[in-house]
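Take a moment to look over the sequence and the model below, and then follow the text from a single residue outwards.

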Amino acid sequence: KCRCCKLHHQPELTGHKTMSVKNTHPDYDNALPDIQIVRDFYKGERHVKEKTITYLSPTVAQTLDGLNPGEPGAVAYKKYIEGARVPGLVKEKVENAIGTMHKEDAAIQVPKKMEPLLNRITRQGESVHALIRRMNEEQLIAGRLGLLLDSDEKTDLPYISLYYGESITNWDEGILQTGTVASMRMVVLSEPTTELDSDYKWTTKDTFRVLSLASGENGKNVFVTAKFEDEINQAEMKPVLLFGRPLEEIPFVFVNSKDNLPAPDMPPLLGLANKVLGIYRSEANYRYHLYMQSQDTLVRIGHMPMGVGDETTDNSVRTGAGACIDVGLGGDAKYIGVNSQGLAEERSALENDYKRAEDEAMKLLDKRSVESNNALVTRKGSQAASLTQIAKTSAAAVEKMLKLIATWMQLDPDEVVVTPFTDFGDVTITAKDVIDMKAAQTMGAPISDQTIHERMREGGMTDKTFEQELEALAGQDGGLQ
């Protein structure tokens, strides 16, 4: 029993064995490389190129010439990276998807006493709609984030904190037995502490927040938490109180792209990021070969370099305007170049890579999903994420948080309902698209006028129902043709 807080801590966190907060969950270790690649390509070209050999290996010749600072291979590798291009397709697709998802805000119903909280739901003062937007962005990039409910000691008001997928390092959902429901028993969150000293210098320490359960004096579970740099000290674990009341569960919700389970989802844009990585490498090779093809090599036949130690002769060679090369009698000088026949193939391959990357991004616009919020919490499967699933998953997580707040404030949690906006079209549709569909219909394609009209509604060409459209057409001069 902990004397300072009068709590009985859970068995997995007690005993003489110390626990390091730096330990990580196997699923976290497996998911982190995938999250990192999408994150880097979302941030853009500079962040990708700063990773150097992580994403772009040096050529064999550059390796043989040496990659230490100042060596010829390092100089050539620097030009190799500088010449490559990293298309910003990942960031572009995230921004397009967010714009599509947030044409309208989610509909949120809460008890009247909670309504003021919706305008300032995070510690930074964000509204609940701004929080959902940030959640959707992280779901698209990392496919993973977490929400923690906490309270401000000064104002005694609850707020929600968002944690990136990379920050959720360890967790324990207990042993799931037949006929039982898993209950989260421990979560570890990376939460670096940054401080400004008297010299106006910022210093950052790696610290971790531990979320756990302890047994109170009445035998009920009590949520406790504390921050540590290395080993967990049970004496520092304290309950979080709101209006003097603790919580009986860990107020943390996992938010993936397809569900709210602890196991991470694969980032929805991982396929796109990998294709952009392929483009980056192909761009490097193409532009390097283009540079090499345009820079012929000078060959001097019959030229013999002066002996080492001859201070009167410069053996270095310069080419280009203003340079002078001396060749002895009987000698010759000429250029030889790289065969450029492969450049057309490389350019064609790059064009195909760009096309495949665009096709990969369009997969997110599949809006077919009818799962309820409750189903998203328990669903197991591996189908690809869609914008509708992402919207529903974030709404389910926010609803869970708001229900916890209502319970904490002794209000009715059943009054909390979060309905996401999902009435967004798949793609923009043009008049030519309609003509093409009608032509396909004439040629025997099994597509009805009502289906064509539905596609037109999704594409923003009309806001009328099929029946309203027919009625409007019938009222035109001459009637429906």
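Does Glu 191 count as buried or exposed? At 16% relative accessibility, Glu 191 counts as buried, because buried means under 20% relative accessible area, exposed over 50% and partly exposed in between (1.4 Å probe, protein chains only). This is a predicted model, in which local features need pLDDT of at least 70 and side-chain atom pairs count only at pLDDT 80 or more, while totals for chains, interfaces and linings use all residues. Residues are numbered from 1 along each chain as its sequence is written, and side-chain values use heavy atoms, with hydrogens and water left out.

Glu 191 lies in the loop between β6 and β7 (193-196), where helices (H or I, at least four residues) and strands (E, at least two) are DSSP runs numbered from the N terminus. Leaving out residues up to four places away in sequence, Glu 191 touches Tyr 163, Thr 207, Phe 208, Arg 209 and Lys 227, contact being heavy atoms within 4.5 Å.

In soluble globular proteins, nonpolar side chains tend to be buried together. Here the largest nonpolar core (buried Ala, Val, Leu, Ile, Met, Phe, Trp, Tyr and Cys residues joined through side-chain atoms within 4.5 Å) has 47 residues, and Met 135, Leu 147, Val 187, Phe 252 and Leu 402 are those with the most contacts inside it. Among the elements that give two or more residues to this core are α6 (128-141), β6 (186-190) and α10 (387-408), and α10 gives the most, with nine residues. A second, separate core of 37 residues includes Ile 37, Val 90, Ile 98 and Leu 350.
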